[in-house]
Structure formats: C-alpha cells, structure tokens
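Me: Could you take a close look at one part of this structure for me, the nonpolar core and what surrounds it? I would like the cut-offs spelled out as you go.

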Amino acid sequence: QVQLVETVGGWVQPGGSLRLSCAASGSIFAIYVMGWYRQAPGKQRELVATITSGGSTDYADSVKGRFTISRDYGKNTMYLQMVDLKPEDTAVYYCNGNIFSRDTGYRKDYWGQGTQVTVSS
C-alpha cells in the first residue's frame, strides 16, 4: 500500500515563510510526477507546482518567484518552500504523486491527507 504523508502546515504572518514536506512510503516501484495542490474555502482545488522525475518544475503564475518545489529522490520526499506568503495563499495544501505500486502492478495518482496553511496578521 502506498501512502503520502504531509508535515503539519501552520499559521504565519504575511511576508513570512513556511516549508511543507510530503513523504511517500509503501510498496513503491517508481514515482513519476509529484505536485502540490491547494484548496481555499469556497474554491476549487488548484495546482500550485509540479516536479517531474527528471527534476523539471512548473508553477502556477500566482506563486512564481515565491514558492520552490523540490524532491529528495533517495528519500521519496517532496518539499514546497514558500516565502513572502500572502493572505491569499491561505488554503489546505495537498501533495500528489503519480506512483507505480509493486502491489497493484500499475501506476495511479495518490494524495496526501492535506495540511492547513493560514497566512494572516
């Protein structure tokens, strides 16, 4: 069984920084694209950033220059470094991984449980 577990987010003042991590564990054969998504109250879930198995990254326009996505391939862990946080970044953040499971014999998307990030003064 494959699991994605995120660290706890938290509260931060505008302009502050926070780092999220997401660890994949279980019967993993390979991890392909991983990404961070977020969902604010009353809004649809949106893509924040993605990173491929080769290290290529992509960001939503709203976070470019402020957020950095990275991976530790040896630890099957993904990170999201967030700086200059704004109130509009407040949301539940979810990690996602496209993973080939040894148990199932095929690849599919897995999701973390979500972690709350609140930016306010």
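Reply: Happy to; here is a walk through the core and two places to look at alongside it. This is a predicted model, in which local features need pLDDT of at least 70 and side-chain atom pairs count only at pLDDT 80 or more, while totals for chains, interfaces and linings use all residues. Residues are numbered from 1 along each chain as its sequence is written, and side-chain values use heavy atoms, with hydrogens and water left out.

A nonpolar core here is a set of buried Ala, Val, Leu, Ile, Met, Phe, Trp, Tyr and Cys residues joined through side-chain atoms within 4.5 Å. Buried means under 20% relative accessible area (1.4 Å probe, protein chains only). The largest such core has 31 residues, and Trp36, Leu80, Met82 and Tyr93 have the most contacts inside it. Strands (E, at least two residues) are DSSP runs numbered from the N terminus; among those supplying at least two core residues each are β4 (28–39), β8 (77–82) and β9 (91–101).

Contact means heavy atoms within 4.5 Å. Leaving aside neighbours within four places in sequence, Tyr93 touches residues including Trp36, Leu80, Met82 and Gly114. Gly114 sits in the loop between β10 (107–111) and β11 and is buried at 17% relative accessible area. With the same neighbours set aside, Gly114 is in contact with Glu6, Val92, Tyr93 and Tyr94.

Thr50, in strand β5, is also buried, at 16% relative accessibility. Beyond four places in sequence, its contacts are Val33, Met34, Gly35, Ser56, Thr57, Asp58 and Ile69.

Conventions
Buried < 20%, exposed > 50% of the residue type's maximum accessible area, 1.4 Å probe, protein only. Helix = DSSP H or I, 4+ residues; strand = E, 2+ residues; numbered from the N terminus.
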